[in-house]
Structure formats: structure tokens, C-alpha cells
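Visitor: I have a model open and would like to read it feature by feature. Where should we begin?

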Amino acid sequence: MLLDDLWEGEMAGVRIDTTSVLLVNVDGDVHAYENRCPHQAWALDVGEFDGDRIICTRHLWEFDSRSGAGISPADCRLKSFRCRVDSDGVIRVVLP
Ligand code: FES
């Protein structure tokens with residue numbers, strides 16, 4: 001995916017090999033997480049992103065978009081992946 005296709009304040013789900021990845025553009029920085037809520041595995045790209053929090057629509061769990069840390073509840077975390085934006089504007093995600 002190109003950075004031009006993921007504007008600030010947007011998130012999108014992409015498939016990389018067999019992994020569903022959530023890309024989030026937070027103030028120009030792209031973060032990558034597993035596109036799977038740690039509660040009951042709901043896809044997060046169909047949730048909401050208010051610029052700070054990613055909100056799962058299933059039961060409204062909330063996560064910090066910059067770290068993936070749980071906000072409500074706090075004892076959970078999104079699985080994060082390293083990612084970068086190359087000089088050609090392509091968002092690259094490193095899967096384990
Ligand atoms: S599945 Fe996400 S909050 Fe329950």
C-alpha cells in the first residue's frame with residue numbers, strides 16, 4: 001500500500017501473505033498491527049479510529065493507536081509489526 005492511499009487519521013486492513021494487517025496513519029506516522037481484536041478476534045479495520053484511539057466495534061474495546069496498548073481494558077495489547085515508509089512511498093511491513 002502507498003502512503004498516498006492512507007491519509008493522516010485513516011486506517012486500513014491489508015492482507016500480507018496469510019496475515020491480516022491493520023495500518024494506521026497517526027499524525028503522519030504509520031503503525032502496523034495484527035488486524036484482530038485480542039478480545040474475540042474481530043477485524044479492527046471495520047472499527048473506528050478517532051485520531052488517537054482504535055475502537056473495536058464488537059464490544060467497544062479501545063487501544064492506543066501509537067502503541068497498541070489497551071486503554072479500555074488496560075490489560076491487553078494489539079500485536080504490533082515493524083513497518084516503514086520507503087522513499088517511493090510504499091509502506092513496508094515486517095512480519096515475524
Ligand atoms: S471482539 Fe473486539 S471488543 Fe470484543
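Guide: Begin with one charged residue. This is a predicted model. At 39% relative accessibility, R66 counts as partly exposed, because that class lies between 20% and 50%.

Visitor: Which residue forms a salt bridge with R66?

Guide: D52 does, with the closest N and O atoms 3.0 Å apart. R66 sits in the loop between strand 6 (62-64) and strand 7 (70-72), and D52 in the loop between strand 4 (48-49) and strand 5 (53-55), so the pair ties together parts that are 14 residues apart in sequence. D52 is also partly exposed, at 41% relative accessible area.

Visitor: How many salt bridges does the structure hold?

Guide: It holds 7. One of them joins R53 to D50, with the closest N and O atoms 2.5 Å apart. R53 is partly exposed at 28% relative accessibility. D50 is partly exposed at 40%.

Visitor: Which residues are joined into one network by salt bridges that share partners?

Guide: Look at R92 and D86, a salt bridge with its closest N and O atoms 2.5 Å apart. R92 is partly exposed, at 34% relative accessibility. Shared partners link R84, D86, D88 and R92 into one network.

Visitor: Now the sheet. What is the order of its strands?

Guide: Read across the strands, not along the chain. The open sheet has 5 strands in the order 1-2-3-8-9, with antiparallel pairing. Strand 1 (11-16) and strand 9 (91-94) are the edges, each pairing on one side only. The twist from one strand to the next averages 30°.

Visitor: How many bridges pair strand 2 with strand 3?

Guide: Strand 2 (residues 19-26) and strand 3 (residues 29-34) pair over 6 bridges, in the antiparallel sense. Check the register: L23 stands opposite A32, and N25 opposite V30. Their hairpin has 2 residues between the strands, and D27 takes a positive phi near 55° there. Strand 3 is also joined to strand 8 (residues 80-85) by 2 bridges, again antiparallel. On that side, A32 stands opposite F81.

Visitor: What is the general idea behind a nonpolar core?

Guide: In soluble globular proteins, nonpolar side chains tend to be buried together. Here the largest nonpolar core has 13 residues, and V24, L44, I54 and F63 have the most contacts inside it. Strand 2 gives the most to this core, with 3 residues. A second, separate core of 10 residues includes L6, A12, V21 and I91.

Visitor: Which residues does V24 touch, beyond four places away in sequence?

Guide: Its contacts include L6, M11, V30, Y33, F49 and I54. Polar or charged residues are on the list too, among them E10, D29 and S65.

Note on methods. Residues are numbered from 1 along each chain as its sequence is written. This is a predicted model: local features need pLDDT of at least 70, side-chain atom pairs count only at pLDDT 80 or more; totals for chains, interfaces and linings use all residues. Side-chain values use heavy atoms; hydrogens and water are left out. Two strands pair if DSSP finds at least two bridges between them. Helices (H or I, at least four residues) and strands (E, at least two) are DSSP runs, numbered from the N terminus. Axes are lines fitted to C-alpha atoms, for helices over the stretch in contact, and angles run from 0 to 180 degrees between N-to-C directions. A nonpolar core is a set of buried Ala, Val, Leu, Ile, Met, Phe, Trp, Tyr and Cys residues joined through side-chain atoms within 4.5 Å. Buried means under 20% relative accessible area, exposed over 50%, partly exposed in between (1.4 Å probe, protein chains only). Contact means heavy atoms within 4.5 Å. A salt bridge is a side-chain nitrogen of Lys or Arg within 4 Å of a carboxyl oxygen of Asp or Glu.
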